[in-house]
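The exercises below are meant to be worked with the sequence and the 3D structure open side by side. Try each task before reading the solution that follows.

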Amino acid sequence: MASINFKKKEIECKIVYYGPGRSGKTTNLEYIFKSYKNYVSGEMISIKTEGDRTLFFDFLPMGIGKIKGFNVRLQLYTVPGQVQYKSTRKLVLKQVDGIVFVADSVNVRRGKNILSLQDMQANLKEYGISIYKIPLVLQYNKRDLGDQGIPLMTVEQMEKELNSQLRVPSFPASAMIGTGVGKTLKECLKLTIVSIRKQLKLAQ
Ligand SMILES: Nc1nc2c(ncn2[C@@H]2O[C@H](COP(=O)(O)OP(=O)(O)O)[C@@H](O)[C@H]2O)c(=O)[nH]1
Ligand SMILES: [Mg+2]
């Protein structure tokens, strides 16, 4: 649940970019950081995990809309995708309010997407969160690689494999170029705000 700062009249919510290693999570956040500078109210912090290229997390607060007169502060995080960072991935999911699952469209990454989604479901479960209840959107990233002759899964294939049970909003994207990045975040934010509003109502 988002944390409420009564002194600052702020609601702070946490959106996590989840997905297999190298699917483009960091590239999404870098693009957002660059393109929505006006909304960024802090530094992007990236901590390198020792001996690995993977970022530990990215931190990106943005000022957006209001809930019950409170400003919303958004924190965007990524998780390291590599198998060995399971405990870190779980930690980053703590008190998550919304998730963007970044799947890799490249054919050979098919299995990695499925495993990562299962890993996410298991980690959420350990916090008592159902993958079917948390605000979630899927992003089918790296669509631009098709133009370079690299075999990609079709969007329909990815829908069938990753989203036939979840049935959440999904977006084709190219985080490197920026297509679909804003749309993905906006939808996740929309779902997250609706969910927080509901939780606040229940809490009253
Ligand atoms: N062609 C292409 N490359 C991408 C795209 N998104 C990410 N990449 C590349 O894929 C690699 C891994 O991206 P990164 O964001 O570090 O993945 P992460 O491990 O999920 O954070 C990098 O070399 C990126 O430049 C994309 O949409 N298209
Ligand atoms: Mg990364």
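**Exercise 1: A strand and its two faces**

Task: In this predicted model, sort the residues of strand 5 by the way they point, and decide whether they are buried or exposed.

Solution: Begin with the direction of each residue: Gly 98, Val 100, Val 102 and Asp 104 point one way from strand 5, whereas Ile 99, Phe 101 and Ala 103 point the other way. This can be set beside a general pattern, since in a regular strand the side chains alternate between the two faces of the sheet. Next, count neighbours, taking a residue as buried if 20 or more other C-beta atoms lie within 10 Å of its own. By this criterion seven of the seven residues of strand 5 are buried, so the strand is largely enclosed by the rest of the structure.

**Exercise 2: The partners of strand 5**

Task: Find which strands pair with strand 5, and in what sense.

Solution: On the side of strand 2, four bridges make the connection, and the two strands run parallel; here Tyr 17 has Val 100 of strand 5 as its bridge partner. With strand 6 (residues 136–141), strand 5 forms six bridges, again in the parallel sense, and Val 102 stands opposite Gln 139 of strand 6. Finally, follow the chain from strand 5 through helix 3 (residues 110–126) to strand 6, which traces a right-handed β-α-β crossover.

**Exercise 3: Helix 1 and the core**

Task: Explain why helix 1 (residues 25–35) is described as largely enclosed, and identify what its buried residues pack against.

Solution: Eight of the 11 residues of helix 1 are buried, so the rest of the structure largely encloses this helix; among them are Lys 25, Asn 28 and Leu 29. The buried residues pack against strand 2 (10–18), strand 4 (70–78), strand 5 (98–104) and helix 5 (181–203). Tyr 17 illustrates this packing, as its contacts include Lys 25, Asn 28 and Leu 29, together with Leu 76, Val 100 and Val 102. Tyr 17 is also one of the residues that touch the most other members of the largest nonpolar core, which has 44 residues. The largest share of this core, seven residues, is supplied by helix 5.

**Exercise 4: The shell around ligand 1**

Task: Determine which residues come nearest to ligand 1, and how the shell divides by class.

Solution: The shell holds 18 residues, of which Gly 24, Lys 25, Thr 26, Thr 27 and Met 176 come nearest. Helix 1 gives the most to this shell, with three residues. Sorted by class, the shell has three nonpolar, 11 polar and four charged residues.

Key: Residues numbered from 1 in each chain as written. Chains lettered and ligands numbered in written order. Predicted model: local features only at pLDDT ≥ 70, side-chain atom pairs only at ≥ 80, totals over all residues. Buried ≥ 20, exposed ≤ 12 C-beta atoms within 10 Å, placed from the backbone. Contact = placed C-beta atoms within 7 Å. Pairing = 2+ DSSP bridges. Right-handed = clockwise from strand over helix to strand, strands pointing away. Core = buried A, V, L, I, M, F, W, Y, C linked by C-beta atoms within 7 Å. Near = placed C-beta within 6 Å. Nonpolar A, V, L, I, M, F, W, Y, C, P; charged D, E, K, R; others polar. Lists of a residue's contacts leave out its neighbours within four places in sequence.
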